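Visitor: I am new to this structure and would like some help reading its features. Could you walk me through them?

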Amino acid sequence: MTVTIERNGDIAIVTIDNPPVNALSQAVRQDLWNAAETLDADPSVRAVVLICDGRTFIAGADVNEFGKPPMPPHLPDLVARIETAAKPWVAAIHGSALGGGFEVALGCRFRIAVPSASVGLPEVRLGIVPGAGGTVRLPRLIGPALATEMVTTGTPVAAQKARSQGLIDAVVEGDLEKGAIDFARSAIDQSLPLPLRQRGVPAVDATFWETTSKAVATRARREDAPLRALACVRKAAEADFETAMAFERQTFLELRGSPQAAALRHVFFTERAAPRPPELAGVEPRKIRSAAVIGGGTMGAGIAAALRDAGLPVTLVERDEAAVERGLSNLRSIFEGSLKRGKISPDVAAERLAGVTGTTDYSQLSATDLVIEAVFEDLDVKREVFSRLSTVCRADAVLATNTSYLNPEQIAAGIRHPERFLGLHFFSPAHVMKLLEIVPTAHTAPATLATGFALARMLNKIPVRAGICDGFIGNRILKVTRAQAERLLLAGATPQAVDAAMRSFGLPMGPFEAQDLGGLDIAAFQRKAARARGETPFAPIAERLCALERFGQKSGGGWYDYAKGDRTPRHSDIVADIIAGEARETPQREWDEASIIDCIVLPMVNEATKILNEKVALRAEDIDLVEIHGYGFPRWRGGLMHYAEGRGLAEIAARLDEFAANGLAEPPCNHFENIGREREIPLEKGSN
Ligand code: 3H9
C-alpha cells in the first residue's frame with residue numbers, strides 16, 4: 001500500500017508513502033482513488049487531509065512510468081475525483097508540490113504548507129505542459145498573469161510568496177499534520193470556497209496576450225513548451241472549463257512525444273545520475289566539514305563563496321596581508337551581489353562572510369578537511385603551494401587544484417600522499433556556474449575521487465569526471481569551437497553572421513560575442529603557454545586583435561567595437577580589414593545559417609568523439625552535461641552528443657568529410673560511431 005488512511009475524530013488523514021519523492025505512480029493514483037471512494041462513503045468523515053511521508057509532498061507524475069502504456073486511473077480523472085469529492089480535501093505540503101503533485105493540490109479545496117515548502121508547475125523544463133488541469137485551474141486561482149509566469153518559466157514559488165499570491169491558503173509553523181487537522185476542522189464550520197472548476201478566470205486587459213506572447217517567445221528562444229503553455233492558459237481564460245481541459249490534454253500529449261521533450265527528459269535523468277557514477281558505487285567519500293581556498297582572486301573568491309553557500313567554514317589563504325584583504329573584499333562583493341539580487345537576506349550575507357577566515361599562515365590548515373588551490377596558472381607557483389600543503393595538512397585531507405589547463409600530474413609531482421590529490425575544475429563565476437570537472441591523477445584514490453563527487457552534491461553542482469588532457473573536456477571542445485569560428489571568417493563569413501547563427505541554434509551568445517564579454521587575453525595567454533610547449537594553436541585573427549590590445553568589452557573593442565558604457569556589439573572596420581588581410585589566400589564562399597552551424601557544431605562533435613575514444617570522458621552523457629552547464633549549449637537539444645545522435649552520425653561524418661575536403665575542418669576521427677551511451681533513456685510513449 002502506498003496510501004494509508006487514519007482518523008482524527010471527523011477528519012481523515014490520507015498519507016502517501018512512495019519514496020523517494022512520492023511520485024504519482026499508477027499504484028499511488030489507484031490508492032488515492034480508492035481512498036476518495038472510501039471516504040466519500042463514510043458519513044463519520046467531514047474533511048480529508050492529504051499529506052505525504054518522507055522528504056516531500058508529491059513531486060509530480062512518475063517519470064519512471066514514461067514509456068509504459070497508460071494505466072488508469074489517469075491523473076486528470078484522479079484530480080477531478082478529489083475536486084468533486086463529497087468532503088473537502090486539504091493538501092498539507094512539505095518539501096515540494098510539483099507538476100502533477102501540485103495539480104493534485106489544486107484539486108483539493110484547500111492548500112496549506114510549512115514555511116520551507118514550495119509549489120510549482122515545472123513541466124516546461126521537461127518540454128511538456130501540465131497535463132492534469134494545471135493550466136486550467138491555476139488562472140482560476142491566481143489570475144492569468146501570475147499563472148502564465150508560473151507555467152511558462154516552471155519556477156517553483158516558496159511558501160510565503162505562494163501565500164501572498166493566493167496559491168496556498170495558509171503557512172503552518174510547527175507540526176504540519178496537526179496544523180492541517182486544525183485547519184480542516186475550522187474550515188468545515190465555515191462556508192466552503194467553490195472548487196476551482198466552478199470558478200471563472202479574472203479578466204486581463206486587451207493587450208495582455210500579445211505582449212506576454214512576445215516576452216515568452218524571447219525568453220524561450222526556440223523552446224516550444226513555454227509558448228504552448230501560454231496558449232493553454234489563454235484557452236482557460238477564453239473557453240469553458242471542459243474545453244480548456246481538452247485543449248491542455250491534447251497539447252500535453254503532442255509535446256510528450258516531441259524531440260525537445262525527449263532531449264529535456266534525457267537531461268533530467270543524466271543530471272540526476274551524474275553525482276553517483278556507477279564506477280564509484282560503494283566507495284565511501286571522506287567527510288568534508290571544513291575547507292580552505294588558496295588564492296582570493298576572482299576564481300578563488302567564487303569557490304570560497306560556493307563553499308560558504310554550502311555551509312562550510314572556509315579559510316582563505318593568500319601570500320600577504322594586502323592580498324588577504326583583496327580576497328576578502330572579492331568575497332564581500334559576491335555576497336553583496338547576492339543580497340542585491342534578493343537571493344539572500346542581510347543576516348545571511350553577514351553570516352556567510354563571518355564564516356571566512358583570511359590568513360597568510362598555512363599552518364592554520366592543519367585540521368582542514370579539503371583545500372582547493374586557485375592561484376595563478378603557473379606550474380612552479382602551484383607546485384610550491386602543494387609542497388607546503390602536503391607537509392602542513394593532515395594525511396587524509398583532500399588537496400585539489402582548480403587548474404584549467406596545466407597538468408594536474410605535474411602539479412602534484414612529489415607531494416606526500418598523492419592519493420589524496422585531484423583536480424576540481426570550477427567554471428567562472430564559481431559560485432554560480434553548475435559544472436564541476438573532476439580530474440583524478442594516476443595516484444588519486446577512489447575515496448578521494450568519491451569525495452569530489454560528494455562535494456559537488458554539497459555545492460549543488462553537476463560533477464563530470466574528466467581525464468587529463470589540454471583543456472580537459474570542456475575547454476578542449478571550446479578550442480575547436482573558436483578555431484572553427486575563425487575558419488569561417490577566413491572563408492567569407494562575418495562575425496555578425498556567425499554569432500547570429502549560433503544564437504539561432506540556441507546558444508545564449510555567439511562565439512565572438514562571448515569572447516568579447518569574457519576577454520580575449522586569457523586565451524591569448526593560454527596560446528602563448530601552448531606555443532612554449534611546442535604546439536601551434538590556431539587563432540590567426542584573435543592574435544592580431546590581441547596585438548592591438550583589442551581584448552573585448554573591457555578594452556572598448558574586440559571582435560566588435562563598443563561605444564563607451566554600451567555593451568551593444570557594433571561592426572568594426574578594423575576587424576573587417578584584419579579578416580580581409582588574413583583571408584587573402586582562402587577561397588571565399590557564401591554562408592547560410594545552417595552551414596555556419598554545421599561548420600562549428602559538427603567539428604565539436606568530432607572532438608568530443610575523440611575525447612570519448614581516449615576515455616577523457618567516460619560517457620557521452622558527460623559531454624552533454626559539460627556543454628549544457630559550462631557553455632550554454634541549449635538544454636532542449638539534450639547536449640552535444642544527444643544532438644549528434646538525433647542528427648545521425650553517418651550524416652555528420654559525411655558533412656565533416658565535405659568540410660575537410662575544403663580545408664574547413666578535420667575529417668571525422670576513427671570510430672566516429674563510437675559514442676554509445678551507457679544507459680538507455682526511455683522514450684515516453686504514454687502514461688499517467
Ligand atoms: C508531471 O508531473 C506531468 C503532469 O503535469 C501531468 C501528468 C498527466 N518521478 O532530484 P533528486 C527521483 S511531470 C520519479 O536527486 P532532490 C530522482 O530520479 C513531473 N522519480 O532529489 C532521484 O532518484 P534516484 C513534474 C523522481 O531532493 C530521486 O527521486 N515534476 C521524480 O534534490 C531524488 O531526486 C518534476 O519535474 C519524478 N517526478 O529534489 C519534479 N522526481 O535517487 C522533478 C525525482 O534513484 N523532481 N525523482 O537517483 C525534482 O525537481 C526533484 O527531484 C525534487 C527533489 C525537488 C522533487
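Guide: Gladly! Start at P73, in the loop that runs between β3 (47-52) and α2 (75-83). Keep in mind that this is a predicted model.

Visitor: What kind of peptide bond joins P72 and P73?

Guide: To read a peptide bond, look at its omega angle. Here omega is about -5°, and the bond joining P72 and P73 is cis.

Visitor: Where is P429 found, and what kind of bond joins S428 to P429?

Guide: P429 sits in the loop between β15 (421-426) and β16 (435-440). S428 and P429 are joined by a cis peptide bond, with omega about -5°.

Visitor: How do I read phi, and what is the phi of H417?

Guide: For phi, look at the sign and at the residue type together. H417 is not a glycine, yet its phi is positive, about 50°. You will find H417 in the loop between α16 (408-412) and β15.

Visitor: Why does H417 count as partly exposed?

Guide: Exposure is read by counting neighbours: a residue is buried with 20 or more other C-beta atoms within 10 Å of its own, and exposed with 12 or fewer. H417 has 17 C-beta neighbours inside 10 Å, so H417 counts as partly exposed.

Visitor: Is K615 buried or exposed?

Guide: Use the count again: K615 has 8 other C-beta atoms within 10 Å, and therefore K615 is exposed. K615 is not a glycine either, but has a positive phi of about 60°. Its place is the loop between α24 (593-613) and α25 (620-631).

Visitor: Now the whole chain. Into which domains is the chain divided?

Guide: Read the bounds along the chain, and watch for a domain written in two pieces. Domain 1 covers 3-257, domain 2 covers 288-465, and domain 3 is made of 474-547 + 581-672. Taken over C-alpha atoms, the centres of domain 1 and domain 3 are 44 Å apart.

Visitor: Which residues come nearest to the ligand?

Guide: For a ligand, look at the shell of residues around it. Of the 26 residues around the ligand, A59, G60, G99, G100 and G131 come nearest. β5 (96-98) and α3 (100-107) each give at least two residues to this shell. By class, the shell holds twelve nonpolar, nine polar and five charged residues.

Visitor: What does UniProt place at residues 471-562?

Guide: A record can add a label to a span. In an unreviewed entry, UniProt places the feature "domain: 3-hydroxyacyl-CoA dehydrogenase C-terminal" at residues 471-562. In the model, that span is 61% helix and 0% strand, and its end C-alpha atoms lie 30 Å apart.

Key:
Residues are numbered from 1 along each chain as its sequence is written. This is a predicted model: local features need pLDDT of at least 70, side-chain atom pairs count only at pLDDT 80 or more; totals for chains, interfaces and linings use all residues. Helices (H or I, at least four residues) and strands (E, at least two) are DSSP runs, numbered from the N terminus. Domain bounds come from an automatic or database domain assignment. A residue is near a molecule or strand if its C-beta atom, placed from the backbone, lies within 6 Å of it. Ala, Val, Leu, Ile, Met, Phe, Trp, Tyr, Cys and Pro count as nonpolar, Asp, Glu, Lys and Arg as charged, and the others, Gly among them, as polar. UniProt positions are given in the numbering used here, feature names are shortened, and annotations may be inferred rather than shown by experiment.
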